[in-house]
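Please read this briefing alongside the sequence and the coordinates. It deals with confidence, strand pairing, one helix and the nonpolar core.

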Amino acid sequence: MTESNLERRYSPLIILVLTAALVAVIGMWSVDRASTVTNVTEGADESRGDGDSYQWKIVTTWPKNLPGLGAGPENFARLVGELSGGRLTARVYGAGEIVPAFEVFDAVSQGVADAGHGAAYYWKGKIPSSVFFTAVPFGMTAQEMNGWMHYGGGLQVWQEAYAPSNIIPLAGGSTGVQMAGWFNREINSAEDLKGLKMRIPGMAGEVFAAAGGTAVRIPGGEIYTSLQTGVIDAVEWVGPYNDRALGLHEVAKYYYYPGWHEPGPLLEFIVNKQSMEALPQDLQAIVTAAARVVNQDMLDEFTARNNQALQQLVNEHGVQLRRLPDDVLKVLWQGTQDVMQQLIADDPMAAKVHASFKAYYDGVREYHHISEQAYINARDVVMDE
Ligand code: CA
């Protein structure tokens, strides 16, 4: 996609116009829903251009009916159906229903499915730069990631990285700062990481391995059993709201923070290029707008629900909440430097993405010292007195 297309797609004015157009579509639909449904079925609705309707298959890396992460593609499917008056409908398939979790990218690339929902860093084996589009250790918060994506050049380099795979990426939701994870033993020093077998994907897995642990890649639907049976000693998944949904408190006792490895992980919608281009312009705009709505909505839900879930985990289930010691975080930070240097030395696209990421991150971090961070520190000073 060209830069001018990007600017056109994401300029505030156009979003405003697009929103007004969507509202108009909803209004038309709601006053005459019955006839619309009939006409779409018959393919003869003159008010909607050629009257074509489209049915998409969306495959996901999540277990079917998972709240939080799994609500992203479900909400997207509902939205595109409502906003298009039924001209574009989508059915969501959980991991294993059409393809296993880790085959979602290939399924969308090859057109087995029209779209997918998951996390870019699952594909780092084939696209090393993909880690930046989910999370890199000690990287950006959700707010910062969204700024990079939509106004800092992030989406542009992401599109470039996925173009050879016949895939168009869109931001697909965020969880906010995650938890460092569930451990079956206490972590009191960096020595305690050695020999630990942990489910931890992406670049963080390589950092964890550099610190002496063993990183394994397991899809969400298999985490509980892996921890229960002792295949792994520790797991990072998301945070209180989604971790409670998987029942991880039943199979590990210690719950560590902060999420050094995923401070603002971004999820992805991936769309098969031909599936997108087969849509008329207005439906393409609806796909893009619905993804943007879901991207923010997911963050809103996690923000609203995490604390209640954490209180329940601690107070009703006896979960032991722990902070990773500073010396452990420092070892992980050093490992991050080493792994990052290797990544950008080995892969030109990773180097290009890193350049965009770093230029933006350096600036936003500097500003957040005197804005987000300064405010959170200030409110604690006065409110916790
Ligand atoms: Ca995670």
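The points below are grouped by topic.

This is a predicted model, in which local features need pLDDT of at least 70 and side-chain atom pairs count only at pLDDT 80 or more, while totals for chains, interfaces and linings use all residues. Residues are numbered from 1 along each chain as its sequence is written.

**Confidence**
- The protein has an average pLDDT (the predictor's confidence in each residue, from 0 to 100) of 90, and 87% of the residues score at least 70.
- Over residues 1-10 pLDDT stays under 50, and it also stays under 50 over residues 25-49.

**Strand pairing**
- Strands (E, DSSP runs of at least two residues, as helices are H or I runs of at least four, numbered from the N terminus) pair if DSSP finds at least two bridges between them.
- Strand E9 (residues 254-257) pairs with strand E5 (residues 181-183) in the antiparallel sense over 3 bridges, and Tyr255 of E9 is the bridge partner of Trp182.
- E9 also runs parallel to strand E11 (residues 320-323), joined by 4 bridges, with Gln320 of E11 as the bridge partner of Tyr254.

**Nonpolar core**
- The largest nonpolar core (buried Ala, Val, Leu, Ile, Met, Phe, Trp, Tyr and Cys residues joined through C-beta atoms within 7 Å) has 105 residues, and Val80, Val235 and Ala290 have the most contacts inside it.
- Helix H13 (residues 281-317) gives the most to this core, with 11 residues.
- Beyond its neighbours within four places in sequence, Val235 is in contact (C-beta atoms, placed from the backbone, within 7 Å) with residues including Gly181, Trp182 and Leu248.

**Helix H8**
- Among the buried residues (20 or more other C-beta atoms within 10 Å of their own, placed from the backbone) of helix H8 (residues 154-162) are Leu155, Trp158 and Tyr162.
- The buried residues of H8 fall within an arc of 165 degrees seen down its axis, so they line one face of the helix, the arc being that of the directions from the helix axis to the C-beta atoms.

Terms used. Two residues are in contact if their C-beta atoms, placed from the backbone, lie within 7 Å. A residue is buried if 20 or more other C-beta atoms lie within 10 Å of its own, exposed if 12 or fewer, and partly exposed in between; C-beta atoms are placed from the backbone.
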